[in-house]
Structures are given as structure tokens and as C-alpha cells.
Amino acid sequence: MQRHNTMRTAGTMTDIQTQFIDVSQLRIGMFIYLDMGWMDHPFPVSNFKISSQEQINTIRSLGLEQVRYAPDKSTQAQQESAAVTANIVMPVTQESEQNRAARLRRELLACQAVSLQVCEKQFNHAAQTLRQVNEQAHAQPELARELTEKLIQDFLGEVLSEDEAAIRLLSEKAGEKTSLHSINVTVISLLLGKAMQLSKADMLQLGLGALLHDIGKVNLPDRLRWMDEQFNHAEKLLFHEHVSHSVALARKMALAPSAMLLIAQHHEYIDGSGYPSRVSGDKISPLARIVALVNHYDNLCNPSNPALAVTPHEALSQIFTQGKARFDAATLTAFIRMMGIYPPGSVVQLTDDRYALVVSVNSSRPIKPKVIIHDSRVPREDALVINLEHEKQLGIHRSLKPVQLPKAAYDYLSPRKRLCYFFERGLEAGTTLGESS
């Protein structure tokens, strides 16, 4: 009989306990998690309480041997049923504290590996869809719109699900530059929209406009698709035309007026210093104010010339100290509160002087992110993600530039030259130091 793994979380990983069970044991009332790409299952969200035998049959048809479920979010009858199953499959045995610690570490490493793989798989699907949209925008605008809407609906399923969605740092190989920027802007904009309590209808239009804000760049020569400080006046004007090209394609795709207005204004600033129309204040739509801010943040972190990149911490500081006049005050306040002082990708020194890389931030607890800590005793591939929320004696002392790291810490933490963000359910990954030592 197949072994079941139980992810125990009381005071360790999360506030919710989950365990893996065979699909043959699924029952109505169980709250389950499908750790699959959105396109790999027919359900509108990836985590839900089973309400019918039809849903069970559909899950069993997906080819999975096991699924993850949360007893605390399931009905009492199903908790008892699963407990009996777990006891049959994996009888209680005595094990030494050392063996228990080693087993728990293996389980946690497996869990965080699955979490990251799910994020990267979903990012790659989003990048592939965006490439299709760019290719079809002119010839088949209706198809391009349908692909975009489906992708944003999938995004909203993650953002608006019962579990909190965190911002997760992915590896640099996750996406090429065009898709990376647009997806970064969309992910952060949607999380910011949720933090600002936008309606579902506005969230949809925000997602559509954010994903397509730069689609007009397909009409520009390759060398003009990314702003360069070396551009002459004529080249800057040509680059600025990507906004009107984007609006024209959005109109061809029959986007809603609010999404088109967002696209038209994503380079406009509250003080009137933006382009192309130099509108200001209340003339800039609330959705455009969100994307203009997030777009500027990502361009600071991921400029066309990597040598000019600033750290996420520096980007936030720059925006707050030098760019206050450009951005809507309420939007900027919500953005900084959501991203935290140390956004994903930040290199930090902890209060015990060790070095760490911030990999995930939950907007409801931004001061205590999840980090990977440099530890020469542990191979990099076996490093656990540590949730500082659970560390009463440990916090972040200061932010650093990657060049300030000692070579051993730099090689171990591998600070990203290009930052790539995606959603991560707050339920997954991240343990305490007590479990990792």
C-alpha cells in the first residue's frame, strides 16, 4: 500500500496541517489542494472543498496517485476517516530524535521543492500564453483576447482563493525579458489590487491591462523595445510610441474601456511629468495609478542594462524618497506596506550576523519574510526556506547590496541579476530554525 506523507505544521511550516492521501480515499467534505498547473485540471481554483461525487471522479481521472488535503478545513467525519487511513498506511513506530529530525527535513525539502516547481510551471505556462498573445494580436485579436482573459482568470483564482497568496522569487531561468517584465507587473499589480480591496470586476480589468500594457512593443524594432539612457531624442520619441501602439492593439482586441485607459496611462504620473499625454492627478485612472507604480518599480529592478539594476530594497527607498510626487499617495502607501521593507530578491544580514536571501513575502506579515540563510554546513540544494515569522529571536538587521556579501555567501545565495516574481500560496513552504538544525 502506498505510503502517505503528513506535513505537520503546528509552530513550524504554516498554520494549517496538510497530508497526502490516495485519490481512492477522497470523500465529499474534504478540502483538497491540486498541486498542478491551471491548464492541467478543469476546476476554477486549485484548492477547494469537495462537494460532489462528480468532482471526486474528475480528480481521479487526472492521473494523480495522491492529493494533498487539510483536515482542519474538512468536515469532522472526513478528518476521522483520513486519520484511520493514515494509521493503517503508516503505523506509529518509535524513532530516535535524530531520525525524526532527518525525516522532517526531507519532508520539508520535498514540500518546498514542490511549491517552487508549481510556481515555475505556472510562470512558464503564463509566459507561453503571453508569447501566443503577442503573436496573434494583429492577425487574430479575438483569440488573443480570449487567451489573455483565460490567463487572468487563472491568476485571479490564485489571488482570490481562500489561502493567502504570497510573492515568490523564482530562478532567473524562469522567463525571458519580455514575458518576465509583463508577468512581474501583472502579479504585483493584482496583489496590490487585492490589498486595496478592488472589486472582482476591477481586478479582471487590472490584470488584463497590466499583462498587455507593453503589447505595442511588438511594432517597434528590437533595439527600441527597452528604454536606454543612450537613446537620442528621436529614439526616445519612437520608444514612447509603444503606448499608442498598445492602445491600438487593445482596441483591436475589443478590451473594455477601463483596461484600454490603463494601457494608455501606464507611463503617466500624478505630477504631470509622464507621457504621452502628460495628464495628472484625478485624470489618471485608479487602475493606471497601480500599474504605473509597479511598472516603474520593476524597471528599476530589471532595467535593460543589468549593470544599472538596483536591489528591491533600494528601489522601494528610491520611489519613496525621490518619487513621492509622481505616484498616488494611497497607492504608494499600500504598495510599500504590501512589499515590506525587504521585498523578494533582497539580500539581508540577520540580527545574528548571518547573511540571507529573501525569497517570499506575505503581504499580511511583510516584516517577517521567508529567507534562505547562508550556512556552510548545509549544501545549497539542501537549504531550507526559513519563515522568520516563527523566529522570535531572529530578524533582519539591514539590507545589503550583493557586492557587499563575502564571496562564500554570494556564491551560496546566488543573488538574482534579474528578478522574476510569481504567486505562491501562503500555505506552503517555510519552516523554523528549530526544525532545520
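Me: pLDDT is the predictor's confidence in each residue, from 0 to 100; what does the pLDDT of the protein chain average?

Reply: This is a predicted model, which is where a careful reading of the chain begins. Of its residues, 86% score at least 70. Taken over the protein chain, the pLDDT averages 83.

Me: In which helix is the confidence highest?

Reply: The confidence in the protein chain is lowest in strand β1, residues 6–7, where the mean is 41. Over residues 83–92 the pLDDT is below 50, and beyond near neighbours in sequence that stretch has ten contacts in the model. At the other end of the scale, a mean of 98 belongs to residues 257–264, which form helix α9.

Me: How many contacts beyond four places in sequence does the model have for residues 426–430?

Reply: Throughout residues 426–430 the pLDDT stays under 50. For this stretch, the contacts that the model has beyond four places in sequence number 28.

Me: Which helix holds both E149 and R145?

Reply: The count of salt bridges comes to ten, and in one of them the side chains of E149 and R145 meet, with N to O at 3.6 Å. E149 has a relative accessibility of 30%, and because partly exposed covers the range between under 20% and over 50%, E149 counts as partly exposed. The two residues lie four apart, about one turn of the helix, and the helix in question, residues 141–159, is α4.

Me: Are R289 and D328 buried or exposed?

Reply: The side chains of R289 and D328 meet in a salt bridge, at 3.7 Å from N to O. This pair links distant parts of the chain, 39 residues apart, with R289 in helix α10 (residues 286–301) and D328 in the loop between α11 (312–322) and α12 (329–339). As for their accessibility, both R289 and D328 are buried.

Me: How many residues apart are E314 and K401?

Reply: A salt bridge joins the side chains of E314 and K401, with 3.5 Å from N to O. The pair links distant parts of the chain, since E314 is in helix α11 and K401 is in the loop between β11 (396–400) and α13 (407–413), which places them apart by a number of residues equal to 87.

Me: Why does K401 count as partly exposed?

Reply: Its partner E314 is partly exposed, with a relative accessible area of 23%. Partly exposed means a value between the limits of under 20% for buried and over 50% for exposed. K401 falls in that range because its relative accessibility is 42%.

Me: Which residues do salt bridges that share partners join into one network?

Reply: R289 has already appeared in a salt bridge with D328. Salt bridges that share partners make one network, and the residues joined in it are D282, R289 and D328.

Me: Which helix supplies the largest share of the lining of the largest pocket?

Reply: About 870 Å³ of space lies in the largest pocket, and its lining has 30 residues, of which M227, D228, E229, F239 and N299 lie nearest the centre. By kind, the lining divides into nine nonpolar, 13 polar and eight charged residues. Residues 233–240, which make up α7, and the helix α10 each supply at least two residues of the lining. The largest share, five residues, comes from α7.

Me: How many charged residues are in the lining of the second largest cavity?

Reply: The structure holds three cavities of 30 Å³ or more, and about 40 Å³ of space lies in the second largest. Its lining is made by E268, Y269, I270, I284, R289, A292, R326, F327 and D328, so that R289 and D328, which meet in a salt bridge, are among them because each has an atom within 4 Å of a point of the cavity. The lining has five nonpolar residues and no polar ones, and its charged residues number four.

Me: What separates the C-alpha atoms of S360 and K370 in space?

Reply: S360 lies in strand β8, residues 355–361, and is buried, with a relative accessible area of 2%. Leaving aside neighbours within four places in sequence, S360 is in contact with several residues, including A166, I167, R168 and K370. S360 and K370 are ten residues apart in sequence, and from C-alpha to C-alpha the distance in space is 5.1 Å.

How values were computed:
Residues numbered from 1 in each chain as written. Predicted model: local features only at pLDDT ≥ 70, side-chain atom pairs only at ≥ 80, totals over all residues. Heavy atoms only, no water. Salt bridge = Lys/Arg side-chain N within 4 Å of Asp/Glu carboxyl O. Buried < 20%, exposed > 50% of the residue type's maximum accessible area, 1.4 Å probe, protein only. 1 Å grid on protein atoms, 1.4 Å probe; cavity = no way out; pocket = protein on both sides within 12 Å on 5 of 7 lines; lining within 4 Å. Points joined across faces, edges and corners; volume = space filled by probe spheres on them. Nonpolar A, V, L, I, M, F, W, Y, C, P; charged D, E, K, R; others polar. Contact = heavy atoms within 4.5 Å.
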